[in-house]
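Colleague: I would like to learn how to read a model like this one. Could you take me through it step by step?

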Amino acid sequence: MTDITSLSLFELIKNIKEKKISSNEATKSFVDRSEKSKKLNAYVTENFENCLKLSKEFDNKPNYDLKLPGIPIAVKDLFCTNEVRTTAGSNILNNFVPSYESTITQNIWNEGGILLGKLNCDEFAMGSSNETSFFGNVQNPIAKDLVPGGSSGGSSSALAANLTPVTIGTDTGGSIRQPASFTGTVGLKPTYGSCSRYGIVAFASSLDQAGPMSKNVKDSSILLEVISSFDKKDSTSIDFKRNNYSSELTRNIKGIKIGIPKEYRVDGMPDEIENLWKKGIEYAKDCGAEIIDISLPHTSYALPTYYIVAPAEASSNLARYDGVKYGLRSSGESLIDMYEKTRSEGFGEEVKRRIMIGTYVLSSGYYDAYYLKAQKVRQLIKKDFDEAYNKVDAILTPSTPSSAFKIGEKSNDPVSMYLNDIFTVPVNLAGLPGISIPAGRDKNNYPLGLQIIGKPFDEQTVLNIAYSMEEKINYKNNISDWWME
Amino acid sequence: MTIDLKTVKHISKLARISLEEKKAEKLADDMNSIFEFIEKLNELKTENVEPLTSIAETTLRFREDKITSDNIREKILRNSPEKNDDFFVVPKVVE
């Protein structure tokens, strides 16, 4: 039979339920492959021994009614895991061992999932290439020295390299969808408030949202069903009726109205992205969707808004890292000196840059000019979407303005790095669900993604459109295992 | 508008991040290029726009004022960089 690690989550669950593969066999396969893939640097912390042990325990007392029966899963190292080190990719949390579990990971374990390990990410999820991680670059399995995207770069790399059957990431400005696009995988950012933020290391609380990353759309629907839940422990968790996303998944999208926003045709966009988008429109038509031109007039203001709101919230959230109760402490002559040295040594350059921007825009005399202004523009951006959704059910755009770039290519120019998120950021500002699906390749054979954006709480329509288009696109990743010894 | 070295140093004090002279200069350059890009927002008139503070249109829920966590004092203290019995230790604050 085919290699276990290349199975989709759906197929793996089916094989385990039919007792063709045991949880322990599956776990061994993923552990073996992960051991041989250290060059990718996808893991920060391995949980292999414990995962093998727990998989045996599952096999001794199997429960096949669970949604993820004995499935090993590696997760982004931004989710707090009880008694397992959680670093957020930062030196300041290098030794942090949480005494509690994030709601989302708890939901996964409750349904039979087993923690395989913690995956590398940009420091505090601030980055688009995984180059800001204290634990080093992650390689994209697509080609050597190519970034896997970010911030969920360890997640996208591990997933595309078949080190984990499925994974979870977090998305503040594109951190699930952009790495999915760069690695030829699927990544879904759900509606703000649908997946609990409890136990996720906070970056920008009004934008942060966790979601599934998978090899295909169906797998994302299975995982979303597990992780999406109302949670009293998250003050912005929303109590709405959640679908049975996987059983309600359908390719029948006849008559669905899909909007094409003209403002996403940005200056200097490469022809291959433009062509990918055109092809995407044809695929959507083939699936039975009706295509409608729409306008989202404030699109070009989304990135500047994001680079006020996100750093402002980050500077406030990251104030807690002071070297007192947990994490790194540097020695100092006084309390203040200790704080300043700890934070200077504990945070990397990008994180410091964003804390500085955030502190500046919130500082006395500048609050109205920057932060308040940004919140007002955020309202206008949201209204653009509200109005568009009077006419359409979903919106189709490219996921990113380019394919994956080389390690080091953009790391010296923050603004050019930020431009990566031009198509994904508006979705976070408006709190909407958005998915990236692989849809083609560029001239270097690197994957390119298309993004489908939905109405609030309408993940089902987003998944259905993606599921339908995925069949027509018929994209297959071509991974050569170049990193193996 | 430009952010000068003096402002960068002031902000680093507010943010409690110590900064070497050389790094402060690089940071001033970076911040200036980022703010140049942010200034684009000034093209928009927003006098009559309500600021959007939260995307989740809910009022915050109240809960009973009751302890729900287990006794995890030991576990919490285990992460502490420096402790003495049940206390976190910091450099001397009062002379």
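Colleague: Let me start with a strand pair: how many bridges join E1(A) to strand E3 (residues 114-119) of chain A, and do they run parallel or antiparallel?

Modeller: Happy to help, and please keep in mind that this is a predicted model. In general, strands of a sheet pair through backbone hydrogen bonds, either parallel or antiparallel. Here three bridges join E1(A) to E3(A), and the two strands run antiparallel. To see one such bridge, find A:Tyr43, whose partner in E3(A) is A:Leu119.

Colleague: What is the strand order of the sheet they belong to?

Modeller: The order is E1-E3-E2 in chain A, an open sheet of three strands with mixed pairing. Strand E1 (43-46) and strand E2 (72-76) of chain A each have a single partner strand and stand at the edges, so one side of each lacks a neighbour in the sheet. On average, neighbouring strands here are turned by 35 degrees against each other, direction ignored.

Colleague: Which strands does helix H2 (residues 23-35) of chain A touch as it packs on this sheet?

Modeller: That helix touches E1, E2 and E3 of chain A. Its direction makes about 45 degrees with that of E2(A).

Colleague: And what is the order of the eight strands in the other open sheet of chain A?

Modeller: Read it as E4-E6-E5-E10-E11-E9-E7-E8, again with mixed pairing. At the edges stand strand E4 (167-171) and strand E8 (290-294) of chain A; each has a single partner strand, so one side of each is left without a neighbour in the sheet. The average turn between neighbouring strands of this sheet is 30 degrees, direction ignored. Helix H5 (residues 153-160) of chain A packs on the sheet, where it touches E4 and strand E6 (209-214) of chain A. The direction of H5(A) makes about 150 degrees with that of E4(A).

Colleague: How many bridges join strand E9 (residues 394-398) to strand E11 (residues 447-454) of chain A?

Modeller: Five bridges, and these two strands run antiparallel. In that pair, A:Ala394 stands opposite A:Gly454 of E11(A).

Colleague: Now a single residue: why does A:Ala430 count as buried?

Modeller: The idea is to count the other C-beta atoms around a residue, with 20 or more within 10 Å counting as buried. A:Ala430 has 24 within 10 Å, so it is buried. You will find A:Ala430 in the loop between helix H14 (425-429) and strand E10 (434-441) of chain A. Leaving aside residues up to four places away in sequence, A:Ala430 touches A:Ile381, A:Lys382 and A:Phe385. The C-alpha atoms of A:Ala430 and A:Pro456 are separated by 8.9 Å, although the two residues lie 26 residues apart along the chain.

Colleague: Stepping back, how many helices and strands does chain A have?

Modeller: Chain A has 15 helices and 11 strands. Its radius of gyration is 21 Å, close to the 23 Å that the globule rule gives for 485 residues, so chain A is as compact as a globular protein of that length. Of those 485 residues, 62% count as buried.

Colleague: Last one: how many residues does each chain bring to the contact?

Modeller: Chain A brings 51 residues and chain B brings 42. On the side of chain B that touches chain A, helix H1 (5-14), helix H2 (21-38) and helix H3 (73-78) of chain B each supply at least two residues. H2(B) gives the most, with seven residues. By type, that side of chain B divides into 25 nonpolar, nine polar and eight charged residues.

Technical notes
Residues numbered from 1 in each chain as written. Chains lettered and ligands numbered in written order. Predicted model: local features only at pLDDT ≥ 70, side-chain atom pairs only at ≥ 80, totals over all residues. Contact = placed C-beta atoms within 7 Å. Helix = DSSP H or I, 4+ residues; strand = E, 2+ residues; numbered from the N terminus. Nonpolar A, V, L, I, M, F, W, Y, C, P; charged D, E, K, R; others polar. Pairing = 2+ DSSP bridges. Axes fitted to C-alpha atoms, helices over the stretch in contact; angles between N-to-C directions. Buried ≥ 20, exposed ≤ 12 C-beta atoms within 10 Å, placed from the backbone. Rg over C-alpha atoms; globule rule 2.2 N^0.38 Å.
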